[in-house]
Every structure is written in C-alpha cells, then in structure tokens.
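Colleague: I would like to learn how to read a model like this one. Please take me through it feature by feature.

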Amino acid sequence: MGLKRTLPRHQYTLACSGRNCRGVEHCSSTCIVVGLTLADAGSIKRWVQIGDREEAPAAALIILATASWSASGLPMNMQKQLPDYVYLTPEAAQRQSERTRQGVYNLLPDEVEWQSRQQFLEKHGYMLRPRYHKGWKPSWIDTNIARDFCEDGIMSSRPQVLDAKRLEDNSVVSIKIVSKRNQELQVAQFLSSFKDVDQNHCVAVLDVLSDPLDSERALMVMPYLRPFDDPELVTVGEVIDFIGQMLQVCHGSSVTSRKIDSHFVKGLAFMHEHRVAHRDIAPPNVMMDAKPLYPSGHHPVKMDYTPDAVYDAIPLSRTEHPVRYYYVDFGLSVRFPENSPTMVVGDVGRDDEVPELSSTVPYDAFKADIYALGNLFDKEFVQRYHRLEILQPLIDSMKQRQPEMRLPAAELVVLFQKINKTVTKNALRLRLSLKSEAPYERVLNDAVAVAWNGINNLKRYVG
C-alpha cells in the first residue's frame, strides 16, 4: 500500500496502491475509500479534484480511478439504493424531461446572481450548493428520478438570502445581501460584538464581504437558523423556555425585589440595555439553532428532509434536546446614542397591531418592541393553547394600550420569574393542547402524551 493521509477535519483515511499516484486524471492504479459517507462526499470530491493538484505528486486520492462520479458526489458503483418513491413512471419521466428542456426548472433571476457570486464566495471560504455552480446541469437529465428528490432541483426560497457551507468547519451558514447605507449591517455587527455574553440572543455576524456585483451592498454571513416554531413546540415547558430566552431569564436565579442584576437582564432587555430597538419583532424574525433537534442535519430549504432531499428528517424532542432562540433581521432597527430619547416615527414592521405606530406622531421604540413581543407570545401560544393561562399577567402588562403602562424589559424579567416559580416540574411536561381540539380529542391526545412521557422517563432511568 502506498501513501496514507487523513483529510483535515473529516478524518478519512486516504490510501492508494500506486507509488506515484498523481490524481484521478493520471493514476494508473486503484485508489481505495475508507469511511466515505454520502453526506460528505461532495466536499471530499472537491478536495480530490482541486485541493491535491498543487500538492505533492505522490499524494493519495480518495476515488476509484476508473469510476465516474454521479451528481450525488459518489462513484456510480458506490451509491446507496434510492427508495422507490423517488422514481417516476415512464410517462412522468417524459413530462419532466420536456419541462426541463423548456427551461421550467432553470435558475431564477436571483439565483443567476448567486451563481455569479459562487467563485468569489468559494475563494473566501464558502461553498454554495451544486445548483449555483458555473455550468450547472440538472442531475435528473436522462434519468427517471423525480426532480423533487434531487438536491440540485430545489430552488431558493428567499432572493436576498442563500445557504452555504463554510469550508473551514463544514457548518451551514446563511448569506444575506444588505445595503451598506442603512443601519442593518452596523446594528447587527454591534450586537454581534458581544460574543462572549451567553445571554445575547441576537444572531451573530460571522463575516462581512463586499458584494462583487454591487459595491453599494455587502454579503453578511450568519449561522444558519430555522423558524422557531418548526417543528411546533409541544409542552408547557418548551413555551416557558422560549419566553424565558426571549426575555432572557437566567434559570435558577433568585430575584426577590423589582431590582434585577444586569447579568439577568438580557434577551429583549439586552438590546434595550445597549440602546437598540428592534422595531420588527414578529414570528418570522425569531429563529432557532435546530442542530440539537437534527443532529444529522436537514436540507436548508426543503427543511423536512435530510440534506440530500430524499428522506424525511425526523426531529428529536426539544424537551430532551433544548435549543437556543435568536432575534434576526435588524433591517428596521435603530441604535440610539447614550442618554438620547428613544422616540421614533414610522408605521413600520410586520406587526401592525402595535397601537401607537404612526408616521407623524413620535412614539417610544422600546415600548413598541414590548407590545410586539407580548403580541407574539399571546397569538402564538396563549390564544392557541390550553394550560398557558399563567402567562396572562405577563401578556396583559406587555399589551397595555397606553405605552407608558407597559413594564420595561428589565421589570418584565422579574414578573416572568415570579410566574415561572409557580410552575411545577410535572406541569412543565404537560402537552400543549390546542383550544380548537374537541374534548374527546384532548383526552385521547393527553393519554398518548402521558404514555410517551412515561416511556421516555423509563429510557432515561434504564440508561
């Protein structure tokens, strides 16, 4: 056996029987594969094709020299057998072929722009999915595989945002196009500068690149996040945890007065403490890091499927695998100078139910944030589910019609902690039952939930 080498960060052993192997284009021997998985095949293929060409001539390569590569990134003779449901009937395959020929599945206009950035982003350490590579051709051409189950058939869902892989650690990131002129980039970077503050629930900015297509825009790189309610929260404890993170309550802390240590005043209060008003708090702008729920990952656009877009991605329980929530999208945010008034004008934001919004009459941006967050808690949870009546005093305080009657964020933390202390451990595990459920459905679903809870407790006890 010739040289052996370990691929950085992937820990794959590479070996080749050819003493003078110089890569797939020149190898006269057979390179062998040790520990190759489908998930990383694409990045390994890229390393093979690009990374080794300028290295030592005797470098070993992870490929079968005589094999051809499929669109999935594996040699054709090493692919997993796909499930039956991905295959089309001959008639359906013919229709798909015709639609492909007509250009129905071509890149959308915004996708063409992302394709134009692909090589620039790769140079800076970010790899877009194969669909956005120069010269991309649909992988389903001349096959009977349904486009829906081909990863490169999945179109972008948001023109201004696209997912990518960060090459240094293979993590998934989101890249957003932002204007250099508005405050979004500056506010996001400012809030992200508090990286060591565990109570900071504002999405981090990992990198900022100048847009190669427009010098007035920047590409802001952030961790990839998933909507906070997908999958839905299912227990009282999960809602309590969510609200606690949005206000940021340090669990286990003992606060006995209306004064509260700044260590515990984070979440929404973190922004307000640092003189930033979000001004667009609404469900789409609250997200979560769902890696604990999907340890093997999921597709960044077709989120209910595995990264290859073929299999169902089944989430773990967030009660057993807690997640972290984040505020995102600071496009309407304002950062106020120290000791300045926090008054603004503007009928802006997704939540148009904030009563004081006005384009002419100034109002307190912090108080508007509090109403919007209270409205989110109310509409997403209290109005929809039983067993959350304990949160009503918090909601009532946050949704006072008169802004001056709303408690500031720091005092809301205190109020929430008092409510939280009244909730027993058993109550935290109770199922969230929809108010729309019929009584018999509620009884049946509660019984099933209790049974599953018992099974999970037994599993933890047995080990």
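**Unusual backbone spots**

Modeller: Arg275 is buried, with a relative accessible area of 15%. Keep in mind that this is a predicted model. Arg275 sits in the loop between α6 (268-273) and β10 (276-277).

Colleague: What is the sign of phi at Arg275?

Modeller: First the general idea. Most residues other than glycine have a negative phi, and most peptide bonds are trans. Arg275 has a positive phi of about 65°, although it is not a glycine. Arg387 is another case, with a positive phi near 75° in a residue other than glycine. Arg387 belongs to the loop between α7 and α8 (392-398).

Colleague: Is Arg387 buried or exposed?

Modeller: Arg387 is partly exposed, at a relative accessible area of 24%. The cut-off for buried is under 20%. Arg275, at 15%, is therefore buried.

Colleague: You also mentioned peptide bonds. Which form does the bond from Asp230 to Pro231 take, cis or trans?

Modeller: That bond is cis, with omega near 5°. Pro231 lies in the loop between β9 (226-227) and α5.

**The sheet**

Colleague: Now the strands. In what order do the 5 strands of the open sheet run?

Modeller: Read a sheet by listing neighbours from one edge to the other. Here the order is β4-β5-β6-β8-β7, and the pairing is antiparallel. β4 and β7 (207-210) are at the edges with a single partner strand each, so each has one side without a neighbour in the sheet.

Colleague: How many bridges join β7 and β8?

Modeller: β7 and strand β8 (residues 217-223) pair over 4 bridges, in the antiparallel sense. For one bridge, look at Asp207, whose partner in β8 is Val221. Helix α3 (residues 109-123) packs on this sheet and touches β4, β5, β6, β7 and β8. The direction of α3 makes about 70° with that of β8. Helix α4 (residues 184-192) lies across β6, β7 and β8, and runs at about 30° to β8.

Colleague: How many residues of β5 are buried?

Modeller: Strand β5 (residues 161-166) is mostly covered, with 5 of its 6 residues buried. Then check its partners. Strand β4 (residues 126-127) runs antiparallel to β5, and 2 bridges join them. Met127 has Lys165 in β5 as its bridge partner. With strand β6 (residues 171-179), β5 shares 6 bridges, again antiparallel. There, Val161 is bridged to Lys176 in β6.

Colleague: What connects β5 and β6?

Modeller: They form a hairpin with 4 residues between them. In the turn, Asn170 has a positive phi of about 65°.

**Helix against helix**

Colleague: Next, helix packing. At what angle do α5 and α9 cross?

Modeller: Take the distance between the axes, then the angle, then the residues that touch. The axes of helix α5 (residues 236-247) and helix α9 (residues 409-420) come within 10 Å and cross at roughly 160°. Angles over 145 degrees count as roughly antiparallel, so α5 is roughly antiparallel to α9. The crossing is left-handed. On the α5 side are Ile240, Ile243, Gly244 and Leu247, which meet Leu412, Val413, Phe416 and Asn420 in α9. By class, this contact of α5 with α9 has 6 nonpolar, 2 polar and no charged residues.

Colleague: What about α5 and α7: how do their axes cross?

Modeller: The axes of α5 and helix α7 (residues 365-382) come within 12 Å, crossing at roughly 170°. That makes α5 roughly antiparallel to α7. Val239, Phe242, Ile243, Met246 and Leu247 of α5 make the contact with Leu373, Leu376, Phe377 and Phe381 of α7. The contact of α5 with α7 divides into 9 nonpolar, no polar and no charged residues.

**Two buried side chains**

Colleague: Why does Gln245 count as buried?

Modeller: Gln245 is in helix α5. Gln245 counts as buried because its relative accessibility is 9%. Leaving aside neighbours within four places in sequence, Gln245 is in contact with His201, Gly267, Val323, Arg324 and Tyr325.

Colleague: And where does Thr306 lie?

Modeller: Thr306 lies in the loop between β11 (286-289) and β12 (324-327). At 19% relative accessibility, Thr306 counts as buried. Not counting residues up to four places away in sequence, Thr306 touches His298, His299, Tyr311, Asp312 and Ala313. Thr306 and Tyr294 are 12 residues apart along the chain, and their C-alpha atoms are separated by 9.1 Å.

Technical notes: Residues are numbered from 1 along each chain as its sequence is written. This is a predicted model: local features need pLDDT of at least 70, side-chain atom pairs count only at pLDDT 80 or more; totals for chains, interfaces and linings use all residues. Side-chain values use heavy atoms; hydrogens and water are left out. Axes are lines fitted to C-alpha atoms, for helices over the stretch in contact, and angles run from 0 to 180 degrees between N-to-C directions. Angles under 35 degrees count as roughly parallel, over 145 as roughly antiparallel, 65 to 115 as roughly perpendicular and the rest as oblique. A crossing is left-handed if the near helix is turned anticlockwise from the far one by less than a right angle, and right-handed if clockwise. Contact means heavy atoms within 4.5 Å. Ala, Val, Leu, Ile, Met, Phe, Trp, Tyr, Cys and Pro count as nonpolar, Asp, Glu, Lys and Arg as charged, and the others, Gly among them, as polar. Buried means under 20% relative accessible area, exposed over 50%, partly exposed in between (1.4 Å probe, protein chains only). Two strands pair if DSSP finds at least two bridges between them.
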